[in-house]
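Welcome! Take a moment to turn the model around on your screen before reading on, and keep it at hand while we walk through it.

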Amino acid sequence: MALSKIDVANMLTGATPVANGGTAATTFASAGLGKRPNAKPLIINGDMAVAQRGTSFTGVSSGANFTADRFQFYLANLGTYTLIQEALTSGNAYDAGFKTAWRIDTTTADASPSAADYAILRYKFEGQDLQSIKKGTSNAQKLTLAFWVKSNKATTGSLDLFDYDNSRIVGATYTVNTANTWEKKIINIAADTTGAFANDNGLSLGIEWFLDTGSNTQGGTTPTAWESQTNTNRNVSNFALGDNTANDWAITGVQLEVGEYTSSTLPPFQHESYGDNLARCQRYFQMRAEGNQKIISIAHWAGGSEVDFIMQIPFMRTQPSIEYTTGSEYWAIGGSGGSTNTLDNLNMNSWSTEMNINLWTTTGAGGTAGYAYYGYTNNASAKLGFTAEL
Amino acid sequence: MFENCIIKYVKRNDVNVCIRVTYPSNDNGSHKELSVPLDEANTDYQNILQWVADGNTIQEAD
C-alpha cells in the first residue's frame, strides 16, 4: 500500500505514524507515557558489544571483574570461574539482534558456600542519570527490566535493585524454563515514593543478579515493593551457579525502561552503534594502550630521573585511577633526547582531572630537563587503562 | 577486594600524591597495578578507605 500522508504530529508525540495520517497507540502509551523519557538507553552496553579489558579471563577466584564493560562480577570465596564475552551465532537472542553475551562458566565448584560468600553480577548507575524515574517523589515511576538469559540449569534465580543512597531494595525472581536455551525475561519493578537518588555522579542504584551466595542473603521473602535493606530478602531463590563445574550462565539484551510494560508492549531494545556504545563506556573505563610498541602519549623529561606523560582523554566520571598490567621494562620513552629509557611503573599525578591526565615516573637514568619524548609500551603483555568505575 | 596486594603511598616532592596497589604476579611474571588518586569520588580510593576502616594500614612511601 502506498503511503499518501504521514502525520508528523504523531511522530512528535510518540504515536506511531500510519498511512493517511491516522493515529495508533504505541507501547509508550500503554505505560502512560507520551514517549520514552530517555534519549539513550539507561543501560550502557546492554548488548555486551564492548569489552575493552578483554574477551576472556580464566581462573577468576576473587574481587571485582569485567569482560563486557559496565557489567561487573563480584566474587568472594565461592568457586572459580571463566568469564567470556561470548560471540553468539544462533539461538533466540541471536535472532533478536544480539551478537554478543556476558557468559560465566564454573571451573571450580563450591556447593557449600559459607554465609558471607557471594558471586554476583552487578550493573551500577550514577544518580544523575536516573532522575527521570522520579524516585522519592509522589510521581515516582514504575520500571521494567528485560533481559535474555541462558543456562544449563533450568531453575529459578533472584535479582534485586539496590538503592545505595537510601539503603533500600526491591527484588524479583526469574526462571530458566529450558536448559541451554535463550529466554527473554521481563520484570516489572514497583515505583518508590521514598528515598530520592542524589543528583550527582556518585553510585545510586545497582541491579544485582545473584548467581550464588551464602546464607547471609537468603531465607527471607522476595520484596516486590521497595523496602529498607533486608539482606535475607535479596537472594531468596539461589541459582547456585557454583555448585557444579558443568554450570554456565549467560545474559544479553539488558534493558531498563521507565514505565510498566508487558511482553507485548515492551519498546524495542535501543541498539547503539559500536562507536556510540564505546564512547559511553569510556566515561567509566578507557583502554589507552595494549600490546607491544603502542603509543601512550607525548612525554617530557622533567629533570633528574623524572619523566612526565601529558594527555587529554574523553571526560570521565571522576579523576581516574591508572589500571595497568606491568613488569620489568614494560614501558619505554624515546625521542629527541636521543636515547631510549625503559620504565617499570607509572603514577597518577594528583593534579590530573577527569580529562587532563599527568602520569609520572622515575627511571634509573638521568635526562635533560625539557627534552621531548614519546611514551610507548615495551612488552606484548603491557596494558594501560584509566578507570573511573562506580 | 585487595587480597594479597601491597598497598603503598607514593610521594612526589615529599608529599603523598597517590596510592599504588600491587596485585600478586601472574604466571608470566607480569602483575596488575593500580595508581589511585587521593580523590574521594574515585571508587578505588573509596575501597582503600574501606580497607583501612576494616583494620588494615597503607604502607608509607619509599
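A good place to start is B:Lys8, whose bridge partner in β2(B) is B:Arg20. Please keep in mind that this is a predicted model.

**A sheet built from both chains**

The pair just named belongs to β1(B) and strand β2 (residues 15-25) of chain B, which are antiparallel and joined by seven bridges. These strands take part in an open sheet of six strands, ordered β12(A)-β21(A)-β15(A)-β3(B)-β2(B)-β1(B), with antiparallel pairing. At its edges are β12 (285-290) of chain A and β1 (6-12) of chain B, each of which pairs on one side only. On average, neighbouring strands of this sheet are turned by 20 degrees against each other, with direction ignored.

Which helix lies across strands of both chains? Helix α1 (residues 43-53) of chain B does: it lies across β15 (321-326) and β21 (383-387) of chain A, together with β1, β2 and β3 (31-37) of chain B. Its direction is at about 95 degrees to β3(B).

**Two domains in chain A**

Chain A is divided into domain 1 (56-281) and domain 2 (285-387). Taken over C-alpha atoms, the centres of these domains are separated by 36 Å. Six residues of domain 1 are in contact with four residues of domain 2. Between them, the two domains of chain A bury about 330 Å², and 34% of that is on carbon and sulfur atoms.

**More strand pairing**

Chain A also has an open sheet of seven strands, in the order β17-β16-β20-β13-β14-β19-β18, with antiparallel pairing. Its edge strands, β17 (341-343) and β18 (347-348), each pair on one side only.

Here are three strand pairs to look up, each with one pair of bridge partners:

| Strand pair | Bridges | Bridge partners |
|---|---|---|
| β1(B) and β2(B) | seven bridges | B:Lys8 and B:Arg20 |
| β5(A) and β8(A) | seven bridges | A:Phe147 and A:Lys185 |
| β14(A) and β19(A) | seven bridges | A:Asp308 and A:Trp360 |

Strand β8 (residues 183-189) of chain A deserves a second look. In a regular strand, side chains alternate between the two faces of the sheet. The covered face of β8(A) holds A:Glu183, A:Lys185, A:Ile187 and A:Ile189, while the uncovered one holds A:Lys184, A:Ile186 and A:Asn188.

**Nonpolar cores**

In soluble globular proteins, nonpolar side chains tend to be buried together. The largest nonpolar core here has 49 residues, and A:Phe73, A:Trp102, A:Phe147, A:Tyr174, A:Trp209 and A:Trp249 have the most contacts inside it. Strand β2 (residues 71-87) of chain A gives the largest share of this core, six residues. A second, separate core has 24 residues, among them A:Ala299, A:Ile313, A:Met316 and A:Leu343.

To explore the largest core, try A:Trp102. Leaving aside neighbours within four places in sequence, the contacts of A:Trp102 include A:Met48, A:Phe71, A:Phe73, A:Leu121, A:Leu211 and A:Trp249.

**One last residue**

Is A:Ser297 buried or exposed? A:Ser297 has a relative accessible area of 7%, under the 20% limit, so this residue counts as buried. A:Ser297 is found in strand β13 (residues 295-303) of chain A. Leaving aside neighbours within four places in sequence, A:Ser297 is in contact with A:Arg288, A:Phe309, A:Ile310, A:Met311, A:Tyr374 and A:Gly375.

Conventions. Residues numbered from 1 in each chain as written. Chains lettered and ligands numbered in written order. Predicted model: local features only at pLDDT ≥ 70, side-chain atom pairs only at ≥ 80, totals over all residues. Heavy atoms only, no water. Helix = DSSP H or I, 4+ residues; strand = E, 2+ residues; numbered from the N terminus. Buried < 20%, exposed > 50% of the residue type's maximum accessible area, 1.4 Å probe, protein only. Contact = heavy atoms within 4.5 Å. Core = buried A, V, L, I, M, F, W, Y, C linked by side-chain atoms within 4.5 Å. Pairing = 2+ DSSP bridges. Axes fitted to C-alpha atoms, helices over the stretch in contact; angles between N-to-C directions. Domains from an automatic or database assignment. Buried area = accessible area lost by both parts, 1.4 Å probe.
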